[in-house]
Amino acid sequence: MKKIALVTIVMTALGTAAFAGTIHGKVSGVSGESVVYVEAIAGKTFPAPTQHITIDQKGLMFVPHITAVAQGTTVEFLNSDSVAHNVFWPSISGNKKLGHNLGTWPQGQRKSFTFSDPGVVSLLCNVHPEMSAYVIVSPTPYFAETDKSGEFKIDNVPDGAYTVTAWHEGAKNKSNPVKVAGNTTADFTLSK
Amino acid sequence: MNSKWRSLPFATVLAVVSMLVVLSLPPSASAIPAFSRRYGTSCTTCHSDFPKLNDFGKAFKDAGFKFPKDDESFLKAPPVLLGAPAQAELWPHTVYPGSIPGLLPVGLRYNTYYQQVSANRNNFNLALPAGTVGNFIPKSDFQPGYFSIFTAGNFGTGISWWVDDDISVAGANANGALGDAYLKFNDLSRFLKLPKDSLNLRAGQFELDLPFSQARTWNLSGWDIFSEANVGIQNGLGPQQFVNNGSALEDAANGIEFSGGHIYQGYHYSVAVFDQNTTGLTISPPNVAPQNAVAFNSDANFKDLYGRFVYRFNLEKDPVSRDDVQAAGAMGPRDHTFLALGAFYLYGRTAQPLSGVLADGITPTVLTAREPFYRIGGDVNFNYRTFNVFGVYLAAHDHNLLPVTAPGAAGVTGFTPGAAATFSGGFAEADYLALPWAMTIMRWDQVKSSADRINFIQYDPTAPPGSSFFSPYSATRNRFTPGEQFLIHANIKTSIEYQIMPKQIVYNPATGLPLTGPFRTNALIVGLEFAY
């Protein structure tokens, strides 16, 4: 019985390795960091990540400016400034019903929020209107942030046909169908 | 009202224009875009409706134009050191190290206006002799406003400065030109082991620590009581007065001021000693040192005194939030709910020299009437979320020394006390920030001055005064001013004011009979301004 189980695990692992691909490419037409992610896959759900992500408020800025997370991720908002801050977002991808205000908290303290809905979250502070940041909540665990030249790589994507979306601050999203079979290239050209 | 009014018989047009200009143009200084550049933050960090300060802006000002805590961590451009901090250990054998801002902290502001005056605006032409070509006051008018330059900041060691100047106009402080220009030594208390921020010193030219700044008001027109002078003349029928105190609370003061506490919480006080100048005149020859540079600013030896004390009660239930710079609202930081109660007092002494004779009744001499005066008042300020209501009451009192001529003398030989020249009044205002970019304002200004009425209306067969635009129907002048202000951007604002003016009347200067019934010359003022 133990042998059968061991063989099954090994075969599953080998099978997974054999059919897991990589999407890599470049986002062009814009400068700076972008986020690329695989859109929701019909019939598939993914467990929420257990690791929390931290976004800081420091020197009247959100740090980092762009954060990509998987759906269900809990983000902790830290205030490192000696002034009071606030975090709110008026909508998620334009859906105002998903807007939320976390209120006020003093220096050194955190407030957390679990992003259960995928989309683009525009973070704001109501007393420092120049402060801005984005949380890109990917509906799948297959996402990546590009480097400053626009290059990206998403690992461990099972072979198959997907819709892949590229997002960039201030640009129009672009979604392309991508067939993943091993090492797959997908380039995006965005425009404002 | 200024003493200059006395010398304007029948100068109706000038009176109209002057008054409208005074009432319609805003004060000189404003928000400081230089701070936006320095800290990379919006105007609204410090202002709710610029230049009105929010609680954080008040704390920023209290701290000497820097963040109350950890200022360095917010600077987007590091300061330029004028000496390494370690140089301080060598003092007094080296110049004490300081710093200057890494970005030149200069801001600019411009505003322009449109005004429309009601149909009664030309009524005062009725006072002109028949056949005289009167001056036509147009129904509407576009006016250029102020172009101001201002700079402020701190030199890194608790020394801060402010200088603002209206380049396009002449005057001083709320009337334009050089406004506030001072150096402030913040928190001197640290050297005396006193509570933090309990002692500051500033020196230079500054607006007195008024309960509400006239020089930096957010309204299109200033508060009447702060621009009220006390001028009583001898005109035959009224109570005899020999008072010519042209100074107003809004005037720029030159001197020094000790202050302490905070304006966003708890106590705040100030005591100022400044030049006496009630005539508005200065001695033009340059002073001895520095040569050819500094003229005299005083018109008397006496120095005026001004003091103010206010206590602000923050009313948040949560003690942590109550003591913080801003209240911790459920939807983000906001201004506190607070009640502030204050009082102020000014003491001065006018000097009116005139030609007279000695007791022998023959020998010419110069006699000087030295007339002490005071202004005393109280203020209240209540804020609930975005609704702010506040007001000031003030009473003014000038001693009145009447010139007397001894029997047989060739001129004035002395003075005798007369009835004091007084005025009183104040204002109440409610501001409602309906939206972060839209503020609704309702104001009521009142000034009660029998001298003003006498000066302009009361019939004197020997020296008939001119019925001017400023002829009040009664001693009490009420002005109601609803307004609305919109922030187009955080640094661009349009403001609308409708001034329901005090009742006026025009008398025939030759007969003393009224030529009109009571009427108002209401005015609509629209302003557009930007700062960058």
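## A pair in strand S1

Let's start with one small detail: Thr22(A) has Asn183(A), in S16(A), as its bridge partner. Strands here are DSSP runs (E, at least two residues), helices are DSSP runs too (H or I, at least four residues), and both are numbered from the N terminus. Two strands count as paired if DSSP finds at least two bridges between them.

Before going on, note that this is a predicted model, in which local features need pLDDT of at least 70, side-chain atom pairs count only at pLDDT 80 or more, and totals for chains, interfaces and linings use all residues. Residues are numbered from 1 along each chain as its sequence is written, while chains are lettered from A and ligands numbered from 1 in the order in which they are written.

## Chain A at a glance

Chain A holds 1 helix and 17 strands. Its C-alpha trace spans about 60 × 45 × 30 Å along the principal axes. Of the 192 residues in chain A, 34% are buried. A residue is called buried if 20 or more other C-beta atoms lie within 10 Å of its own, exposed if 12 or fewer do, and partly exposed in between, with C-beta atoms placed from the backbone.

How much of the contact in chain A, counting separations of 6 or more, links residues 24 or more positions apart? The share is 63%. Contact here means that the C-beta atoms of two residues, placed from the backbone, lie within 7 Å.

## Who pairs with S1?

Strand S1 (residues 20-28) of chain A pairs with strand S13 (residues 151-158) in the antiparallel sense, over 6 bridges. In that pairing, His24(A) has Lys153(A) as its partner.

S1(A) also runs parallel to strand S16 (residues 183-185), with 3 bridges between them; that's where our opening pair of Thr22(A) and Asn183(A) belongs. Strand S17 (residues 188-189) is parallel to S1(A) as well, joined by 2 bridges, and here Ser28(A) stands opposite Thr189(A).

## Two open sheets

One open sheet in chain A has 4 strands in the order S4-S3-S6-S9, with mixed pairing. Strand S4 (61-63) and strand S9 (110-115) are its edges, each pairing on one side only. Neighbouring strands in this sheet are turned by 25 degrees against each other on average, direction ignored. Such angles are taken between axes, which are lines fitted to C-alpha atoms (for helices, over the stretch in contact), and run from 0 to 180 degrees between N-to-C directions. Inside the sheet, strand S3 (residues 53-58) and strand S6 (residues 73-79) are parallel, with 5 bridges, and Ile55(A) is partnered by Phe77(A).

The other open sheet to look at also has 4 strands, ordered S12-S2-S14-S15, and its pairing is antiparallel. Its edge strands are S12 (143-145) and S15 (174-180), and the twist averages 20 degrees from one strand to the next. Strand S2 (residues 35-38) is joined to S12(A) by 3 bridges, one partnership being Val36(A) with Ala144(A).

## Two domains

The domain assignment splits chain A into domain 1 (20-44 + 141-192) and domain 2 (47-139); the bounds come from an automatic or database domain assignment. Their C-alpha centres lie 23 Å apart. Where they meet, domain 1 puts in 10 residues and domain 2 puts in 8 residues.

On the domain 1 side, S2 and S12 of chain A are the elements giving two or more residues. By class, that side has 6 nonpolar, no polar and 4 charged residues. Nonpolar covers Ala, Val, Leu, Ile, Met, Phe, Trp, Tyr, Cys and Pro, charged covers Asp, Glu, Lys and Arg, and the others, Gly among them, are polar.

## The nonpolar core

Which residues have the most contacts inside the largest nonpolar core? They are Val36(A), Val135(A) and Phe143(A), in a core of 98 residues. Strand S11 (residues 132-138) of chain A gives the largest share of this core, 5 residues, and each of domain 1 and domain 2 of chain A supplies at least three. A nonpolar core is a set of buried Ala, Val, Leu, Ile, Met, Phe, Trp, Tyr and Cys residues joined through C-beta atoms within 7 Å.

Leaving aside neighbours within four places in sequence, Val135(A) touches Thr67(A), Val69(A), Val75(A), Phe115(A), Val121(A) and Leu123(A).

## Meeting chain B

Chain A brings 15 residues into contact with 19 residues of chain B. On the chain A side, strands S7 (85-89) and S8 (100-105) each supply at least two residues, and S8(A) gives the largest share, 3 residues. This side of chain A has 6 nonpolar, 8 polar and 1 charged residues.
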